[in-house]
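Visitor: Could you take me through one part of this model up close? I'd like to look at the residues annotated as the active site and what sits around them.

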Amino acid sequence: MKDTRLSLAWPAPAKLNLFLHINNQREDGYHELQTLFQFIEHCDYLDFKVTASSQLKLHSNISDSVADSDNLILLAAKSLQKYTHCQRGAEIWLDKRLPMGGGIGGGSSDAATTLVALNYLWDTQLSKEQLMEIGLELGADVPVFINGLSAFAEGVGEKLITVSPKEYWYLVLIPNVHVSTAEIFQDPSLTRNTPKLDLDSLMNSSWQNDCQELVVRRQPKVAKALDWLIEYAPSRMTGTGACVFGQFEQQQDALEVADKLSVDMKGFVAKGTNISPLAMRLAKG
Ligand SMILES: C[C@](O)(CO)[C@H](O)COP(=O)(O)OP(=O)(O)OC[C@H]1O[C@@H](n2ccc(N)nc2=O)[C@H](O)[C@@H]1O
Ligand SMILES: Nc1ncnc2c1ncn2[C@@H]1O[C@H](COP(=O)(O)OP(=O)(O)OP(=O)(O)O)[C@@H](O)[C@H]1O
């Protein structure tokens, strides 16, 4: 074990799906997809205190909306204990800053940060690949957050190839509506037959999100946000929504558009980054 004092400010960054193509539905209901993940410098933060007993305790500012039994942070910590037979426990503090159900992967990122931080703090010495395997059981997006590098993903999102798309500045809008990933994937009218393309062709084609048309139809608030943003910058939805993002060359340009937002539309400006803030935190120890 590394230390029993507090280990502070482990970041759990958001991701954007710069494109998201749905290629097929497997017999188990999951969808085969091709997507491009890039992290953004906008994060939840987790603090950890290793304890001698195996108990896990979470203090969070979302305990009203997510029960402990469903919280991916505790589920991740339990999986790591089970997999490694670790006898240690932890007290964990979550400072939730990322919008939930927005398609920016906050829950998956919290789970990934928990696995990476506790593997370090408990000294359980699992490899990144082993952590990614455990992470995949918690959610399709967890492995990319553990890997910590922008990636082109295939399969259900777990087959990763590291890529370095341009690191734009983004204005991310948060329509005040929660989109359920499961509901979008269950909708019969979802486009799920986009042909699979090779990576080179994908990187050089125009980027789209196959869930966008459906979500825009179901959620007028998403449609409104996208209609507004697209007047200022190339803009798309991320994941299964609800967040939409516009891309800008300069921070200043993004901030100027953010200034024009009406009071009923929330948003934030963040830089795209191909190396996750979590990977940088781990390197610091
Ligand atoms: C659409 C993406 O956001 C792209 O980044 C992700 O693939 C979704 O990843 P996630 O939120 O971690 O998703 P999970 O928690 O694994 O799955 C939520 C639900 O979405 C559906 N699901 C998810 C991923 C996938 N490739 N096919 C699916 O059909 C399943 O019905 C599942 O019950
Ligand atoms: N630590 C957590 N943070 C946020 N949501 C959590 C957490 N643990 C469990 N959840 C559950 O996961 C649901 C989806 O949360 P999340 O914020 O990851 O959505 P999302 O950004 O749309 O994810 P994705 O892009 O992976 O589909 C929440 O509504 C909540 O019920």
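Guide: Lys15 counts as buried because 27 C-beta neighbours lie inside 10 Å, and the cut-off for that label is 20 or more. Keep in mind as we go that this is a predicted model. Lys15 is found in strand β1, which covers residues 6-25. Skip its neighbours within four places in sequence, and Lys15 is in contact with Phe37, Gln38, Phe39, Ile104, Gly105 and Val144.

So much for the lysine; now its partner in the annotation. UniProt, in an unreviewed entry, puts the label "active site" on Lys15 and Asp141. They are spread over 127 residues of sequence, yet they cluster in space, with a largest C-alpha distance of 9.4 Å. Where does Asp141 sit? Asp141 is in the loop between α3 (128-138) and α4 (142-147). Asp141 is buried too, because 28 other C-beta atoms lie within 10 Å, against that cut-off of 20 or more. Again leaving out neighbours within four places in sequence, Asp141 is in contact with Gly105, Ser108 and Gly157. Notice that Gly105 turns up for Lys15 and for Asp141.

From there, have a look at ligand 2. There are 19 residues around ligand 2, and Leu72, Gly106, Gly107, Asp110 and Gly239 come nearest. Two elements, α1 (72-84) and α2 (106-121), give two or more residues to that shell. Of the elements, α2 gives the most, with four residues. By residue type, the shell around ligand 2 divides into five nonpolar, eleven polar and three charged.

Next, the packing. The largest nonpolar core has 70 residues, and those with the most contacts inside it are Ala112, Leu115, Tyr170, Leu171 and Val244. Pick Tyr170 as a way in: not counting residues up to four places away in sequence, Tyr170 touches Leu16, Ile40, Phe245, Gly246, Gln247, Ala254, Ala270 and Gly272. One of those contacts, Leu16, falls within strand β1, the strand that holds Lys15.

One last annotation to have on screen: the same kind of unreviewed UniProt record places "domain: GHMP kinase C-terminal" at residues 199-261. The end C-alpha atoms of residues 199-261 lie 36 Å apart, and the span is 51% helix and 13% strand. Gly239, among the residues that come nearest to ligand 2, lies in that annotated stretch, and so does Val244, which is listed among the core residues with the most contacts.

How values were computed:
Residues are numbered from 1 along each chain as its sequence is written. Chains are lettered from A and ligands numbered from 1 in the order in which they are written. This is a predicted model: local features need pLDDT of at least 70, side-chain atom pairs count only at pLDDT 80 or more; totals for chains, interfaces and linings use all residues. UniProt positions are given in the numbering used here, feature names are shortened, and annotations may be inferred rather than shown by experiment. A residue is near a molecule or strand if its C-beta atom, placed from the backbone, lies within 6 Å of it. Ala, Val, Leu, Ile, Met, Phe, Trp, Tyr, Cys and Pro count as nonpolar, Asp, Glu, Lys and Arg as charged, and the others, Gly among them, as polar. A residue is buried if 20 or more other C-beta atoms lie within 10 Å of its own, exposed if 12 or fewer, and partly exposed in between; C-beta atoms are placed from the backbone. Two residues are in contact if their C-beta atoms, placed from the backbone, lie within 7 Å. A nonpolar core is a set of buried Ala, Val, Leu, Ile, Met, Phe, Trp, Tyr and Cys residues joined through C-beta atoms within 7 Å.
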